[in-house]
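Open the model in your viewer and keep the selection box ready. Each stop below gives something to pick and then says what is there.

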Amino acid sequence: MFKSADLNISEPVNQQIYRKLRKAIITCQVLPGVLLSEKEISSQFSVSRQPVREAFIKLAEAGLVQILPQRGTFVTKISIKKVIDGQFIRDAVECAIIKQVALRISEADILLLQKNLDEQKQANKHKNIHYFLEKDDEFHQILMNVIDCQMAWESVENIKAMMDRVRFLSLEQISPPEDLVKQHEKILIALKNHDPELAAIAQHEHLSAILETIKIVSKQKNEWFVD
């Protein structure tokens with residue numbers, strides 16, 4: 001699944017391995033309940049076990065794996081409670097941020113968001129779910145960059161790891177990308193009008209959609225979920 005050629009020398013190896021494992025788990029290339037072998041992954045990446053071990057620890061902090069002494073590291077099932085809790089926290093943080101963004105956003109920021117939306121539409125047109133999810137994340141990261149709040153994005157990225165698995169499972173039928181694009185467009189319209197209250201309402205509607213989504217997905221893939 002992984003190759004040493006996937007790594008570059010300009011960034012710490014453990015961070016690269018973490019991101020690649022995170023993506024594989026979120027996109028269900030590695031399924032809930034699967035045992036991750038430290039030895040096999042280090043061999044695939046042609047690295048020592050230490051950076052893999054460090055990546056496992058970070059994945060555990062994000063709730064994506066469980067490290068059991070003497071047994072190994074297992075991909076966790078999707079916790080419905082953690083998804084709901086994560087949505088609550090993310091909603092509080094991002095709705096507060098979007099109000100500030102509406103007051104500070106520049107024309108250059110608006111153009112950047114519009115370009116991102118165009119890329120989302122292209123990803124949807126070509127049925128490229130992986131690229132669409134990257135652009136979806138980028139949209140929210142751009143918003144936080146407007147007010148120069150990198151710490152907020154880092155916190156949200158960690159919180160939403162469990163949520164992202166639900167997003168991936170729901171994209172084709174339950175929560176299609178075109179619906180998400182429309183939600184993003186409503187956010188952008190409010191920002192263009194420099195309307196903080198309308199922007200917060202649009203953001204809340206967008207982030208709350210997962211609460212209905214998880215009810216449907218958890219029934220369809222019951223074996224992958226826990227309460």
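**Stop 1: Thr76**

Select Thr76 and show its surroundings. Beyond neighbours within four places in sequence, Thr76 is in contact with Pro32, Gly63, Leu64, Val65, Gln66, Met162 and Arg165. The model is predicted, so local features need pLDDT of at least 70. Colour the backbone by element next. Thr76 sits in the loop between S3 and strand S4 (78-79). Is Thr76 buried or exposed? It is buried, because its relative accessible area of 16% falls under the 20% cut-off.

**Stop 2: Leu64**

Move to Leu64, one of the contacts of Thr76. Leu64 belongs to the loop between H3 and S2. Its relative accessible area is 0%, so Leu64 is buried. Now list its contacts, again leaving aside neighbours within four places in sequence. They are Arg22, Ile25, Leu59, Phe74, Val75, Thr76, Ala161, Met162 and Arg165. Then draw a distance from Leu64 to Ile201. C-alpha to C-alpha, the two are 30 Å apart in space, with their positions 137 residues apart in sequence.

**Stop 3: the sheet**

Select S1, S2 and S3 together. They form an open sheet of three strands, in the order S1-S3-S2, with antiparallel pairing. Which strands stand at the edges? Strand S1 (35-36) and strand S2 (65-68) do; each has a single partner strand, so one side of each is left without a neighbour in the sheet.

Zoom in on S2 and strand S3 (residues 72-75). Four bridges join this antiparallel pair. For one of the residues involved, pick Leu68: its bridge partner in S3 is Gly72.

Add helix H3 (residues 49-61) to the view. H3 lies across S1, S2 and S3. It runs at about 120° to S2.

**Stop 4: Gln70**

Stay with the same pair of strands and select Gln70. This residue is in the loop between S2 and S3. Check its backbone torsion: phi is near 70°, a positive value in a residue other than glycine. Gln70 has a relative accessible area of 84%, so it counts as exposed.

**Stop 5: Asp148**

Another positive phi comes next. Select Asp148, where phi is about 55° although the residue is not a glycine. Look for it in the loop between H6 and helix H7 (150-159). With a relative accessible area of 70%, Asp148 is exposed.

**Stop 6: Val47**

Go to Val47. Its place is the loop between helix H2 (38-45) and H3. Which residues does Val47 touch, leaving aside neighbours within four places in sequence? The contacts are Leu7, Val13, Ile17, Ser42 and Val52. Now draw a line from Val47 to Asn14. The two are 33 residues apart in sequence, and their C-alpha atoms are 9.7 Å apart in space.

**Stop 7: the largest pocket**

Switch on a surface. Rolling a probe the size of a water molecule over the atoms shows where empty space is left. The largest pocket holds about 740 Å³ of space. To find it, select Arg19, Arg22, Lys23, Asp137 and Glu157, which lie nearest its centre among 27 lining residues. Arg22 is also a contact of Leu64 from the second stop.

Colour the lining by element. Helix H1 (13-26), H6, H7 and H8 each supply at least two residues. H1 gives the largest share, eight residues. Recolour by class, and the lining of this pocket divides into four nonpolar, seven polar and 16 charged residues.

**Stop 8: the largest cavity**

Finish with enclosed space. How many cavities of 30 Å³ or more are there? The count comes to one. Its volume is about 220 Å³. Select Asp136, Arg167, Leu180, His206 and Ile210, the closest to its centre of the 17 residues that line it.

Three helices give two or more residues to this lining: helix H6 (129-146), helix H8 (161-170) and helix H10 (196-220). H10 provides the largest share, five residues. By class, the cavity lining has six nonpolar, five polar and six charged residues. H6 and H8 were also on the list for the largest pocket, so keep both helices displayed while you switch between the two views.

Methods: Residues numbered from 1 in each chain as written. Predicted model: local features only at pLDDT ≥ 70, side-chain atom pairs only at ≥ 80, totals over all residues. Heavy atoms only, no water. 1 Å grid on protein atoms, 1.4 Å probe; cavity = no way out; pocket = protein on both sides within 12 Å on 5 of 7 lines; lining within 4 Å. Points joined across faces, edges and corners; volume = space filled by probe spheres on them. Nonpolar A, V, L, I, M, F, W, Y, C, P; charged D, E, K, R; others polar. Pairing = 2+ DSSP bridges. Contact = heavy atoms within 4.5 Å. Axes fitted to C-alpha atoms, helices over the stretch in contact; angles between N-to-C directions. Buried < 20%, exposed > 50% of the residue type's maximum accessible area, 1.4 Å probe, protein only.
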